[in-house]
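Here is a short tour for anyone meeting this structure for the first time. Have a look around, then read on.

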Amino acid sequence: MSNLPADFSYSEDHEWINAPADKVEGETVRIGITSVAADRLGEVVFAELPEVGDDVTAGETCGEVESTKSVSDLYSPVTGTVTAVNDAVHDDYATINNDPFGEGWLFEVEVSEAGELQTAEEYAAANGVN
């Protein structure tokens, strides 16, 4: 499965959370874009992220990621309240491309409800990832 962390969950819109979907309600999770999304976007040059205290809803737009190729909406994979934003990505947007599952995380949410999420195997199969 390439470099997809097996213990993460994935949305069909190419976002990830750093936990299994069945264990997130009441927890705080990190959210980012997958390596599939980062590869398709190309070099990320800007990211508009939600702010701490914002409420986000699973499946709804909560920001955008701009690359040299295009602008892509960012969808929240969970419903809840934003508790942290990774300011480091604003200092170096290349981090999103270089380490999408690690230092390139985007924001954290205290989850009230999970959206429709896939396991790493399901996401890989749906997106042709080896």
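## A side chain reaching a backbone

Let's begin with one small detail of this predicted model. A polar atom in the side chain of N18 sits 2.8 Å from the backbone nitrogen of R30. N18 itself is found in the loop that runs between β2 (15–17) and β3. Besides R30, its contacts beyond four places in sequence include D7, F8 and V29.

Is N18 buried, exposed or something in between? N18 has a relative accessible area of 32%, so it counts as partly exposed, since that class covers values between 20% and 50%. If you'd like a sense of distance, pick out P100: N18 and P100 are 82 residues apart in sequence, and their C-alpha atoms are 12 Å apart in space.

## The chain as a whole

Now step back. The chain has four helices and nine strands, and they come in the order β-β-β-α-β-β-β-β-β-α-α-β-α as you read along the sequence. The C-alpha trace spans about 35 × 35 × 20 Å along its principal axes.

How does the radius of gyration fit with a compact globule? For 130 residues, such a globule would come out near 14 Å, and the chain has 13 Å, so the two agree. Of the 130 residues, 48% count as buried. Contacts also link distant parts of the sequence: among those with a separation of 6 or more, 63% join residues that are 24 or more positions apart. As for the outside, the accessible surface is about 6,500 Å², and carbon and sulfur atoms make up 39% of that.

## What's packed inside

Nonpolar side chains in soluble globular proteins tend to be buried together. Here, the largest nonpolar core holds 28 residues, and V29, I33, I96, L106, F107 and V109 are the ones with the most contacts inside it. Two or more residues each come from β3 (28–33), α1 (35–41), β4 (44–48), β6, β8 (78–85) and β9 (107–114). The largest share, four residues, is supplied by β9.

There is also a second, separate core with twelve residues, L4, V36, W105 and A120 among them. Back in the largest core, V109 is a good residue to click on. Beyond its neighbours within four places in sequence, V109 touches E27, T28, V29, I31, V56, V78, T79, G80, T81, V82 and T83.

## Two loop residues to compare

Which residue does UniProt list as a modified residue, N6-lipoyllysine? An unreviewed UniProt entry gives K69 for this. In the model, K69 is in the loop between β6 (61–67) and β7 (71–75). With 60% relative accessibility, K69 counts as exposed, because the cut-off for that label is over 50%. Leaving out residues up to four places away in sequence, K69 touches D39, R40, L41 and G42.

S11 also sits in a loop, the one between β1 (9–10) and β2. Is S11 buried or exposed? Its relative accessibility is 5%, so S11 counts as buried, as the limit for that is under 20%. Past four places in sequence, S11 has contacts with P77, E116, L117, Q118 and Y123. So if you place the two loop residues side by side, K69 is exposed, while S11 is buried.

How values were computed:
Residues are numbered from 1 along each chain as its sequence is written. This is a predicted model: local features need pLDDT of at least 70, side-chain atom pairs count only at pLDDT 80 or more; totals for chains, interfaces and linings use all residues. Side-chain values use heavy atoms; hydrogens and water are left out. UniProt positions are given in the numbering used here, feature names are shortened, and annotations may be inferred rather than shown by experiment. Buried means under 20% relative accessible area, exposed over 50%, partly exposed in between (1.4 Å probe, protein chains only). Contact means heavy atoms within 4.5 Å. A nonpolar core is a set of buried Ala, Val, Leu, Ile, Met, Phe, Trp, Tyr and Cys residues joined through side-chain atoms within 4.5 Å. The radius of gyration is taken over C-alpha atoms; the globule rule is 2.2 Å times the number of residues to the power 0.38. Accessible areas come from the Shrake-Rupley method with a 1.4 Å probe; for residues, only the protein chains shown count as cover. A polar contact is a pair of N or O atoms within 3.5 Å; within protein, one must be able to donate a hydrogen and the other to accept it, and residues adjacent in sequence count only if both atoms are side-chain atoms.
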